[in-house]
Each structure stands twice: as structure tokens, then as C-alpha cells.
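Colleague: Please take me through one part of this model in detail, starting from the enclosed space and working outward through the strands around it.

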Amino acid sequence: MKLRTILSLIACMFIFNNTVFASHLMGSEIEYQCISNGKYKVVIRVYRDCNGIQVSQSNLVARSGTSSVTITNQTKLSSRDITSIGANCAYQSRCAGSSYMYGIEEHVWTMTLDLSSYSQCEWVLSWEQCCRNGNITTGQAGEHFFTTAMLNKCITPCNSSPTFSIAPTPVAIICYNQDVVFNNGALDTIDSGDSLSYELVNGLTGLTSSVTYGGNFSPVRPLTFFGFPNQNMAIPAGFHLDPVTGDMAFRPLQVNQVAVIVVEVKEWRKINGTMQVIGKTRRDMQIIVTNCTGNASPKIEGPFNYDICAGDQSHTDFSSGTFGTTTIVVNEAEGQVI
């Protein structure tokens, strides 16, 4: 009996430790580009917290009705640090082995998806891996990570998804009590005449299952903001996502809060005189609220070549000249001027 109890405890500890050390996923998105009728180039971008384990390759699965296609043949395009900290700063990204607490990596895979032999029109593409960060404070800590996109292979001409032209780094680490205005930069440059719309949606743990939202948090109230929990209050209060432009605006009010925000982009096309959804993709993001240095508006005059670093308050000697005492407000989280 004692042996069985000990073995059970060891098993529990093993599962717990796996969950803790596997909790590295900060977000992802799936994009696709039509090659020919029914054939697509698919790109998966995954965002990793460098405090966790490495990101591994996971299969892309396409599902439509009773049919399923699994893509294992993938090419790793790139892996890069997108924390955006200047090379000359004392604090470097966690991804570079620094003791600094923050570090975000972008990993990109590409593959070919061939649906030309299938008659079904609508397909859901999915990518999954364990697990979301264990330090998330709004309910999703350690949960399974699952993301999707949707395409319609019967659309003529063949459709490609919008692409996200802006990495989520500017919004991944944000400052307490400072207004955030952000746009993911979704662009649909391949297909002329299509329109985009934006919506805050559930994070996913599976094809039909959603992440957990604790307390008053929800997809449209993903973190604590000015005016919480009423997301419809006028700016600067509330939590706003413009459904037409994709502009997101809010003021975070809880230091050290870590939250999940998921934006779904729908692609619309007029078919037989009616606007119809022909594709969907989503950007799943993790947001960290930190107490940044300073609260005054920056004023920087003249060209210079100097890294603005975490903890900096002012500099007088820039490499291209001396401009006197110039006060600089720094986003301590990212080492960027705000």
C-alpha cells in the first residue's frame, strides 16, 4: 500500500513538472496562400516564451466533414528573437541567456497542403501543442494550446488568407496604467476586392473546446482595464476592438497580470450579390502587464544612434552629437521609447 502511494505521488510530480516546464507557448497564427486550385502554401508562426522549453514541430491537420489530412512534411523557415531590446543594452533578452525575465521567440514553419482530390469545400486547419504559460493569471495557465484557420477551396478565383504584417511584440509586454493602441496589421494584398472584419474570440484547447476564463474575464474582457468589467465604456476606459479597422485600445490596470487575447480575422467576398465569409484566421497572443519606468511624455530631438534601454532615465552624450539633457521615458519591459 505504501509503495502504491509513493508511486502515485511520483507520477503526480512527474505530470506537474511536465506541465510547468512545457508551459512555453505565447501565441500562434496560421496563414495560407493559394498555389493552384486546391493546393496551398501554409505558414505557421509560433511565439515562444524563452523561460520555457523549446518549441517542437507539430502536425498541421486539415478537416472537412468526414475527411482529414495530416501534414508531417514541413520546413522550418526561421527562428528569431523578437523581444526588441537594443544590442548595447545591459539587460538582454531571456532568449540570449540573460537573467532578464522577458524573452520572446518567433518560430516559422511552411508546408504544402494538397486538397485537390477532395470534393468538400470548407476546411478547418489546426495546429496544437502543450502548453500555454503556467504564469497566466486570467484562467488559462498550463492549458493545451490549439489554434485554427478556415479556407474554402471551392472559391473562384482561389483564395489566400490575409497576412499579419506586424509581429505581436509591441503588445506582448505592455505598461501598467498606460494607454495601449495596437493594430495587428492584417493585409489581404493577394486577393483584390475582398474585405476583412475583426472579432475577439475564445482561445481554444481543442477543435470544439475553449480555454478557461476566470472571474469576470472573457474573450471581450481578457484582462483588467480602466472601467473593468464594462468593456463598452468610452475610450480611454473599456476594451475596444474596431471590427472594421482592427484597431485595439485599452488601458491595463493590474501589474504583473498575464492574459490571453485572441483576434479572429474574417475574409469576406461578394458572391452572387451577397457578402459571404470565405476564410478565417486568428492571432492568439499572450499579454504581460509590467510596471514601466517613468510616466512623462518623451521629447527627443535630432538624429542619434543610441540604444534606449530598460531602466534608462536620461542621456546627454549621443553618438552623433550632444543635445544637452534630454529626458527619455522607457518601456522597461521592452527597452523601447514609449
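Modeller: In this predicted model, the largest cavity is lined by Met26, Gly27, Tyr47, Ile82, Ile104, Pro168, Thr169, Ala172, Asp284, Met285 and Gln286. Its volume is about 60 Å³. Two or more lining residues come from each of β1, α2 (169-172) and β19, and β19 contributes the most, with 3 residues. The structure holds 2 cavities of 30 Å³ or more.

Strand β19 (residues 274-290) also leads to the neighbouring strands. It pairs with β18 in the antiparallel sense over 14 bridges, and within that pairing Val265 stands opposite Thr281. The hairpin formed by β18 and β19 has 2 residues between the strands, and Asn272 there takes a positive phi near 55°. Strand β18 itself, residues 258-271, is mostly covered, with 11 of its 14 residues buried.

β18 has a further antiparallel partner in strand β13 (residues 195-200), to which 6 bridges join it. Here Leu196 stands opposite Glu267 of β18. The next residue to look at is Ser197, which also lies in β13. Ser197 counts as buried because its relative accessibility is 18%, and the cut-off for buried is under 20%. Its side chain makes a polar contact of 2.8 Å with the side chain of Trp268. Setting aside neighbours within four places in sequence, Ser197 is in contact with Pro243, Glu264, Val265, Lys266 and Trp268. Val265 in that list is the residue that stands opposite Thr281 in β19.

β19 also runs antiparallel to β8, joined by 3 bridges; in this pairing Met150 has Lys280 of β19 as its bridge partner. Strand β8 covers residues 145-152, and 8 of its 8 residues are buried. Phe145, Thr147, Ala149 and Leu151 point one way from β8, Phe146, Thr148, Met150 and Asn152 point the other way, and all are buried. Strand β7 (residues 122-129) runs antiparallel to β8 and is joined to it by 8 bridges. Met150 appears here too, as the bridge partner of Val124.

These strands meet again at the second largest pocket, which holds about 180 Å³ of space. β7, β8 and β19 are the elements that give two or more residues to its lining. The lining consists of Glu122, Val124, Thr148, Ala149, Met150, Leu204, Leu207, Glu264, Lys280, Thr281 and Arg282. Val124, Met150 and Lys280 are therefore both lining residues of this pocket and members of the bridge pairs described above. Glu264, another lining residue, is one of the contacts of Ser197.

β7 and β8 also take part in the nonpolar packing. The largest nonpolar core has 24 residues, and Tyr40, Val42, Leu113 and Leu125 touch the most other members. At least two residues of this core come from each of β1 (25-36), β2 (39-49), β3 (60-64), β4 (67-71), β6 (104-114), β7 and β8. Not counting residues up to four places away in sequence, Leu113 touches Gly38, Lys39, Tyr40, Val42, Ala62, Val69, Ile71, Leu125 and Leu151. Apart from this core lies another, of 22 residues, including Phe164, Ile174, Phe225 and Ile261.

Methods. Residues are numbered from 1 along each chain as its sequence is written. This is a predicted model: local features need pLDDT of at least 70, side-chain atom pairs count only at pLDDT 80 or more; totals for chains, interfaces and linings use all residues. Side-chain values use heavy atoms; hydrogens and water are left out. Buried means under 20% relative accessible area, exposed over 50%, partly exposed in between (1.4 Å probe, protein chains only). Helices (H or I, at least four residues) and strands (E, at least two) are DSSP runs, numbered from the N terminus. Two strands pair if DSSP finds at least two bridges between them. A polar contact is a pair of N or O atoms within 3.5 Å; within protein, one must be able to donate a hydrogen and the other to accept it, and residues adjacent in sequence count only if both atoms are side-chain atoms. Contact means heavy atoms within 4.5 Å. A nonpolar core is a set of buried Ala, Val, Leu, Ile, Met, Phe, Trp, Tyr and Cys residues joined through side-chain atoms within 4.5 Å. On a 1 Å grid over the protein atoms alone, a cavity is a set of points where a 1.4 Å probe fits but cannot get out, and a pocket is an open set with protein on both sides within 12 Å along at least five of seven lines; lining residues have an atom within 4 Å of a point. Grid points are joined across faces, edges and corners, and a volume is the space filled by probe spheres set on the points.
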